[in-house]
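Visitor: I am new to protein structures and would like to learn how to read one. Could you walk me through it?

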Amino acid sequence: MHDKAEGSALPRTNDGRRGVRFSYRTDIYSLVFLIALAAASTVPFFYAAGGHLPQAHDLRIHWVRMIAFDEVLRSGVLYPRWLSSLNYGLGAATTSFYAPGIYYLMSVSHWVTGNWTSAIELGVVSAAVASAVAFYGYARQLMPSLGATIATALYLLLPYRMIDLYHRGALAELLGFVWMPLVLLSFSLSLRRASALNLVMGGVAFGALVLTHPPTAYVFALTLAIIAVVIAIRSRSWRPLVIVFVFGIMGGALSAFYSLPAFLELSYVKQEITATFEARAGDLKDLITGGPFEQMLAAIAFTGLVLSLACYFFSSKAWVSEKSVRDDSIGWLIVSVALVGAMAPFSRMLLRPLPGFNITGFLWRWLAIQVISVAILAGLAFQAAWRSDRRRVVLLAVLTGTVL
C-alpha cells in the first residue's frame, strides 16, 4: 500500500462507520518513535536522585506493600488478601480493599529482574510503552498516522500523567493508562464489527482497570457512557450502549474476586482514624485555594479545557466531516467540558454513595480522563490543520506547548 493512500477511508460497515487505512511502514515508524518517547519520558525518573530511587509520595507506600504482597504470593496464595509482614508483623488486610493489580505487575517484574528497584523501573517503563501502543491503536481508528502520533505523544507527555510519575509516584494510576485506551480501542472496533474477540478484549481490559485503580475505573466508566450515548443518539442505534453494557458486565465479572469481597466486608473496617486526616476533597474550589500542588492541578484542568475547545474549533469540517470521526470528536468535547463541571463542589454529593471511597483527592482524578480527551482532540486538530491550512499548525503547536 502506498503511503500517499494512507488515511483514505475504507468502505462503510453495516453501522455506517468507516475505518482508516493503515500504512504499515508509516505505522511502524510511528510506533518506534512513540516507544522511544515513552521510554525517554519515563527513565529519567529513576536517575533523578543520584542513582537512588526517588522518594515520590505514593512510591513509599507501594514499596512496603509490594514486597509484602510478593512474599504471600510466593507462598502459593494466588490472591494475597492478608499481608502478614505489614503493621510491624501483625499483618494488614490491605489488598482486600486496595486493588491488587499493580502488585501483581511488580511481582512479575521482580521475578524477571530479581531486584525491587529494577522491578519498579521495568514495570513503569513497560506500562509507559504499553500505554503508547494501546493509545496509538485507538487513535488510528479515528485519524491517519500523523494525527495519531501527535495524539499519542500528548497522551504520554501531558502534565497530569507526568505528575503521576515524577511527583506522586502513583504506580497504580499509571498502569491505568494502559487499560483505558485498550477499552476504547475495543469499543471502536466493536462498533464496526461486534466480534467475540473485540468484546472479550474490551471486557478484559475494563476488568483489568478495575483491578488496577477503581477510582479511575469509575470516572472512565462514566466517560465511556457519555461517548456511547453521543454516538447512539447521532447514529440512532442502541449498539454503542449494548457494547458498553457488555464491557461492564464482563469486566465486573472478571474483577469480582476482588471487588465483591471488598464490598461485602466494608462493614468490618474501622476507619475512625481517617476522620483525623487534614485533607481537602479536591474539587476546583479546594484546588484553587490550596497549596502549590493543588493550584497546579487547577491550572491543568482549566488549560486542558481551553486547549480542548481550541482544538475542536480548529478541526476543519473538510477533515472531520466523516460522521464517525465527527461523532467521536463531539463526544470527547462534551467529556472535556463535563469533567471540569464534575470537579465543581456540588459534585461531592455524587461520590458520597460510593461504597468505601474517600472523596479526598478523588474529584481531580477526572484529570486522567482529560489526558485522553485533550490528546484525541489535539490529534484531530493537527491532522486537520496539516491537510487544510498549515499555518494553523504553528498556532496549535504554540497552544499545545503552553499546556505542556
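Guide: Here is a short tour in questions and replies. Please keep in mind that this is a predicted model.

Visitor: Let us begin with the overall picture. How many helices and strands does the protein chain have?

Guide: The protein chain has 19 helices and zero strands. Its length is 404 residues, and 53% of them count as buried.

Visitor: What share of the contacts in the protein chain with a separation of 6 or more comes from residues 24 or more positions apart?

Guide: That share is 72%. As for the outside, the accessible surface is about 18,200 Å², and carbon and sulfur atoms account for 67% of this area.

Visitor: Now the inside. What general idea should I have in mind?

Guide: In soluble globular proteins, nonpolar side chains tend to be buried together. Here, the largest nonpolar core holds 80 residues. The members that touch the most other members are Phe135, Phe187, Phe220, Trp332, Ile369, Ile372 and Ile376.

Visitor: Which helix gives the most to this core?

Guide: Helix H18, residues 366-388, gives the most, with 15 residues. You can pick out Ile372 as an example: beyond residues up to four places away in sequence, Ile372 touches Phe135, Tyr155, Met180, Leu184, Phe220 and Trp332. There is also a second, separate core of 27 residues, with Tyr103, Met106, Ala127 and Leu165 among them.

Visitor: How do I read the sides of a helix?

Guide: An α-helix has 3.6 residues a turn, so residues three or four places apart point the same way. Try this on helix H12, residues 256-264, where the buried residues are Tyr258, Pro261 and Ala262. They lie on the same side of H12, because they cover an arc of only 105 degrees around the axis.

Visitor: What covers the buried residues of H12?

Guide: The cover includes H3, helix H9 (196-212) and H10.

Visitor: Let us turn to helix H5. Where could I look to see residues that are far apart in sequence come together?

Guide: Start with Ala132, which lies in helix H5. Ala132 and Leu37 are 95 residues apart along the chain, yet their C-alpha atoms are separated by 8.8 Å. Setting aside neighbours within four places in sequence, Ala132 is in contact with Leu34, Ala38, Thr152 and Leu156.

Visitor: Why does Ala132 count as buried?

Guide: Ala132 counts as buried because its relative accessibility is 1%, and the cut-off for buried is under 20%.

Visitor: Which residues does Ala128 touch, not counting residues up to four places away in sequence?

Guide: Ala128 touches Ala38, Thr42, Leu156 and Arg161. Ala128 also lies in helix H5 and counts as buried, at 1% relative accessibility. From C-alpha to C-alpha, Ala128 and Ala39 are 7.0 Å apart in space, with their places 89 residues apart in sequence.

Visitor: Is Glu121 buried, partly exposed or exposed?

Guide: Glu121, another residue found in helix H5, is partly exposed, because its relative accessible area is 21% and the partly exposed class runs between 20% and 50%. Apart from neighbours within four places in sequence, Glu121 is in contact with Val43, Phe46 and Tyr47.

Visitor: How would I find empty space inside the protein?

Guide: Rolling a probe the size of a water molecule over the atoms shows where empty space is left. A search of the whole structure finds one cavity of 30 Å³ or more. The space in the largest cavity is about 90 Å³. It is lined by 14 residues, and the closest to its centre are Gly123, Val124, Ala127, Leu174 and Leu175.

Visitor: Which elements give two or more residues to the lining of the largest cavity?

Guide: They are helix H4 (101-113), helix H5 (116-139), helix H7 (159-166) and helix H8 (171-192). H5 gives the most, with five residues.

Visitor: Finally, what can I look for in the loops?

Guide: You can look at the backbone angle phi. In Asn87, phi is near 60 degrees, a positive value in a residue other than glycine. Asn87 sits in the loop between helix H2 (57-74) and helix H3 (94-97), and is partly exposed at a relative accessible area of 43%.

Visitor: Where is Arg236, and is Arg236 buried or exposed?

Guide: Arg236 is in the loop between helix H10 (214-235) and helix H11 (239-254). Arg236 counts as exposed, because its relative accessibility is 80% and exposed means over 50%. Phi of Arg236 is also positive, near 55 degrees.

Notes. Residues are numbered from 1 along each chain as its sequence is written. This is a predicted model: local features need pLDDT of at least 70, side-chain atom pairs count only at pLDDT 80 or more; totals for chains, interfaces and linings use all residues. Side-chain values use heavy atoms; hydrogens and water are left out. Helices (H or I, at least four residues) and strands (E, at least two) are DSSP runs, numbered from the N terminus. Buried means under 20% relative accessible area, exposed over 50%, partly exposed in between (1.4 Å probe, protein chains only). Contact means heavy atoms within 4.5 Å. Accessible areas come from the Shrake-Rupley method with a 1.4 Å probe; for residues, only the protein chains shown count as cover. The arc is that of the directions from the helix axis to the C-beta atoms. A nonpolar core is a set of buried Ala, Val, Leu, Ile, Met, Phe, Trp, Tyr and Cys residues joined through side-chain atoms within 4.5 Å. On a 1 Å grid over the protein atoms alone, a cavity is a set of points where a 1.4 Å probe fits but cannot get out, and a pocket is an open set with protein on both sides within 12 Å along at least five of seven lines; lining residues have an atom within 4 Å of a point. Grid points are joined across faces, edges and corners, and a volume is the space filled by probe spheres set on the points.
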